[in-house]
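This report describes how the chain is arranged, beginning with strand pairing and ending with the charged side chains.

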Amino acid sequence: NLGFDVPDPSTVERIPVVATYSILGEWVQRVGGDRVDVTTLVGIDGDPHTYEPAPQDSVLLAKAFMIFENGLQFEDWLDSLCKSSRSSAVRVVAARDITPREQPCVCHGTERDPHVWHSIKHAISMVRVIGEELAAFDPLHAEDYRQRAGEYIGELVSLDDVIRHQVEKIPAESRQLGIAHDSLGYFADEYGFRVISILDSFTSEASDPSA
């Protein structure tokens with residue numbers, strides 16, 4: 001947070017939480033259960049790369065007790081939004097334990113790939129962080145958070161088994177993914193695919209595709 005008094009979770013029936021994008025919001029809701037009231041800034045049809053915060057977003061952050069973000073420069077607009085809202089919320093970087101993929105970048109020298117959730121092992125890491133941070137912030141309900149996080153991680157492990165079983169049906173030479181910008185690299189690394197990226201960048205803000 002920005003140095004203001006951290007909200008006390010014991011003062012509310014449900015903890016107001018903001019998640020920066022829809023996938024993260026779903027995970028926070030699954031782990032937090034009925035104890036959290038989750039609002040997502042960037043919805044299912046939105047693009048966090050190009051998102052432009054609206055005035056009401058400042059209001060949401062000002063009221064939030066916790067803010068869950070991806071990190072890895074995925075939400076470049078969040079720092080200024082938190083500052084303008086004077087939010088006292090605890091900020092949690094869900095991808096904090098993940099070493100990102102990197103590639104050379106003309107603009108910044110090195111570009112980090114923030115799309116870590118496309119690897120199940122990284123998704124598990126992020127869900128674990130969510131559980132740990134909710135338990136630390138609201139210790140009276142810590143065991144509930146840990147239990148739900150463990151249950152959801154079990155579902156992710158099962159999903160990983162399903163994906164690997166389906167991938168085995170695809171010939172190795174046919175495992176190619178054609179996408180607009182390089183957002184599926186973690187999935188490709190994990191399951192043996194080759195990515196063909198039109199924009200050859202981790203962000204959708206890259207230049208237009210060439211001929």
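Strands β1 (residues 15-21) and β2 run parallel and are joined by six bridges. Within this pairing, Val18 has Thr39 of β2 as its bridge partner. Helix α1 (residues 22-32) packs on the sheet and touches β1, β2 and β3 (66-69). The direction of helix α1 makes about 175° with that of β2. The model discussed here is predicted.

The sheet in question is open and has four strands in the order β2-β1-β3-β4, paired in parallel. Strands β2 (36-42) and β4 form its edges, each pairing on one side only. From one strand to the next, the twist averages 20°.

Strands β7 (residues 176-179) and β8 (residues 194-197) also pair. They run parallel and are joined by four bridges. One bridge partnership is that of Gln176 with Arg194 in β8. Which side chains of β7 are buried? Leu177 and Ile179 are buried and point to one face of the strand, whereas Gln176 and Gly178 point to the other face and are not buried.

**The chain as a whole**

The protein contains six helices and eight strands. Read from the N terminus, the order of elements is β-α-β-α-β-α-β-β-β-α-α-β-α-β. The protein has 211 residues, of which 47% count as buried. Its accessible surface comes to about 11200 Å², and carbon and sulfur atoms account for 50% of that area. Among contacts between residues at least 6 apart in sequence, 61% join residues at least 24 apart.

**Salt bridges**

Side chains of opposite charge can pair when their charged atoms come close. With a cut-off of 4 Å between side-chain nitrogen and carboxyl oxygen, the count is twelve salt bridges. Three of these pairs are listed below.

| Pair | Closest N to O distance |
|---|---|
| Arg96 and Glu132 | 3.4 Å |
| Asp189 and Arg101 | 3.2 Å |
| Glu190 and Lys121 | 3.8 Å |

What does the salt bridge between Arg96 and Glu132 tie together? Arg96 lies in the loop between β4 (90-93) and β5 (102-105), and Glu132 lies in helix α4 (residues 120-137), so the pair ties together parts 36 residues apart in sequence. Both residues fall in the partly exposed class: Arg96 has a relative accessible area of 40%, and Glu132 has 39%.

The salt bridge of Asp189 with Arg101 links distant parts of the chain, 88 residues apart. Asp189 belongs to helix α6 (residues 185-191), while Arg101 is in the loop between β4 and β5. Asp189 is exposed, with a relative accessible area of 54%, whereas Arg101 is partly exposed at 22%.

Glu190, in helix α6, pairs through a salt bridge with Lys121 in helix α4, linking parts of the chain that are 69 residues apart. Here Glu190 is partly exposed, with a relative accessible area of 23%, and Lys121 is exposed at 51%.

Which residues are linked with Lys121 and Glu190 in a network of salt bridges? The network also takes in Asp160 and Arg164.

Note on methods
Residues are numbered from 1 along each chain as its sequence is written. This is a predicted model: local features need pLDDT of at least 70, side-chain atom pairs count only at pLDDT 80 or more; totals for chains, interfaces and linings use all residues. Side-chain values use heavy atoms; hydrogens and water are left out. Helices (H or I, at least four residues) and strands (E, at least two) are DSSP runs, numbered from the N terminus. Buried means under 20% relative accessible area, exposed over 50%, partly exposed in between (1.4 Å probe, protein chains only). Contact means heavy atoms within 4.5 Å. Accessible areas come from the Shrake-Rupley method with a 1.4 Å probe; for residues, only the protein chains shown count as cover. Two strands pair if DSSP finds at least two bridges between them. Axes are lines fitted to C-alpha atoms, for helices over the stretch in contact, and angles run from 0 to 180 degrees between N-to-C directions.
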